[in-house]
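Here is a small set of exercises to work through with the model open beside you. Try each task yourself before reading the solution.

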Amino acid sequence: MLVPDHQRQYCDCGHGSHALPGKQAATPPEAVFPWLEKIDLVLVMTVEPGFGGQSFMADQLPKIAAIKREILRRKLHIQLEADGGLDERTVIPTASHGANLIVAGTSVFRHPEGMAEAIRRLHAATGVLDTQL
């Protein structure tokens, strides 16, 4: 469950770990900027959170790119993860915009040729990308 913006807070969970609640897809990328020095992963939802099998929201690509630019500008080492609607067709633009961690659920578990083939295709698609984003 996502909490309202006014109830969100950063948590130092101890042992070098931190938690920052996720925000819905409509949240602007700048909302995460104040936290970048305190976190090691940013999750961008490329669907509305809630259930699997949704269509990829390409309008989230500029958000991924904006967050990646800010991470690079500050010279931080932060993982940028995308989750939702990702498959062999959507993984390339997503990674090209800066995501370096990809969550693929439905496209793997419901692939008509099986999970191994779905994973092979994801790997093949991402193999053409520049890993020095």
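**Exercise 1: A charged pair**

Arg89 and Asp87 are joined by a salt bridge, and their closest N and O atoms are 2.9 Å apart. Keep in mind that this is a predicted model.

*Task.* Work out for Arg89 whether the residue is buried or exposed, and do the same for Asp87.

*Solution.*
- Start with the cut-offs: under 20% relative accessible area is buried, and over 50% is exposed.
- Arg89 has a relative accessible area of 62%, so this residue is exposed.
- Asp87 has 16% relative accessibility, so Asp87 counts as buried.

**Exercise 2: Other salt bridges**

*Task.* Find how many salt bridges the whole structure holds, then look at which residue pairs with Glu70 and which pairs with Glu113.

*Solution.*
- A search of the whole structure gives eight salt bridges.
- Glu70 pairs with Arg74, and their closest N and O atoms are 2.7 Å apart.
- Glu70 is at 11% relative accessibility and therefore counts as buried, while Arg74, with a relative accessible area of 23%, is partly exposed.
- Glu113 pairs with Arg121, the closest N and O atoms being 2.9 Å apart. Arg121 counts as partly exposed because its relative accessibility is 24%.
- Through shared partners, salt bridges link Glu88, Glu113, Glu117, Arg120 and Arg121 into one network.

**Exercise 3: The nonpolar interior**

*Task.* Describe the largest nonpolar core: how many residues does it have, and which element gives the most to it?

*Solution.*
- The largest nonpolar core has 16 residues, and those with the most contacts inside it are Val32, Leu36, Val42, Val44, Ile64, Ile67 and Leu80.
- At least two residues of this core come from each of β3 (41–45), α1 (61–73) and β4 (79–83).
- The element that gives the most is α1, with four residues.
- Apart from this core lies another one of five residues, including Val108, Ala118, Leu122 and Ala125.
- Now zoom in on Leu36. Leaving out residues up to four places away in sequence, Leu36 touches Val42, Glu70, Ile71, Arg74, Leu76 and Ile78. Two residues in that list, Glu70 and Arg74, are the partners of a salt bridge.

**Exercise 4: A loop glutamine**

*Task.* Locate Gln54 and say which residues Gln54 touches.

*Solution.*
- Gln54 sits in the loop between β3 and α1.
- Not counting residues up to four places away in sequence, Gln54 touches Val47, Glu48 and Gly85.
- With Glu48 there is a polar approach: a polar atom of the Gln54 side chain lies 2.6 Å from the backbone oxygen of Glu48.

**Exercise 5: A nonpolar patch outside**

*Task.* Which residues form the nonpolar patch on the surface, and where is Met115 found?

*Solution.*
- The patch consists of Phe109, Met115 and Ile119, which together have about 320 Å² of accessible area.
- Met115 is found in helix α4, which covers residues 115–126.
- With a relative accessible area of 43%, Met115 is partly exposed.

**Exercise 6: The whole chain**

*Task.* Step back: how many helices and strands are in the protein chain, and what percentage of its residues count as buried?

*Solution.*
- The protein chain has four helices and five strands, in the order β-β-β-α-β-α-β-α-α from the N terminus on.
- Of its 133 residues, 35% count as buried.
- The chain exposes about 8200 Å², and carbon and sulfur atoms supply 56% of that area.
- Among contacts with a separation of 6 or more, 51% are between residues 24 or more positions apart.

Definitions and conventions
Residues numbered from 1 in each chain as written. Predicted model: local features only at pLDDT ≥ 70, side-chain atom pairs only at ≥ 80, totals over all residues. Heavy atoms only, no water. Patch = residues over 30% accessible without salt bridge, like charges linked within 9 Å, V, L, I, M, F, W, Y side chains within 5 Å. Areas by Shrake-Rupley, 256 points an atom, 1.4 Å probe, with all protein chains shown as cover. Salt bridge = Lys/Arg side-chain N within 4 Å of Asp/Glu carboxyl O. Buried < 20%, exposed > 50% of the residue type's maximum accessible area, 1.4 Å probe, protein only. Core = buried A, V, L, I, M, F, W, Y, C linked by side-chain atoms within 4.5 Å. Contact = heavy atoms within 4.5 Å. Polar contact = N/O pair within 3.5 Å; in protein donor to acceptor, adjacent residues only side chain to side chain.
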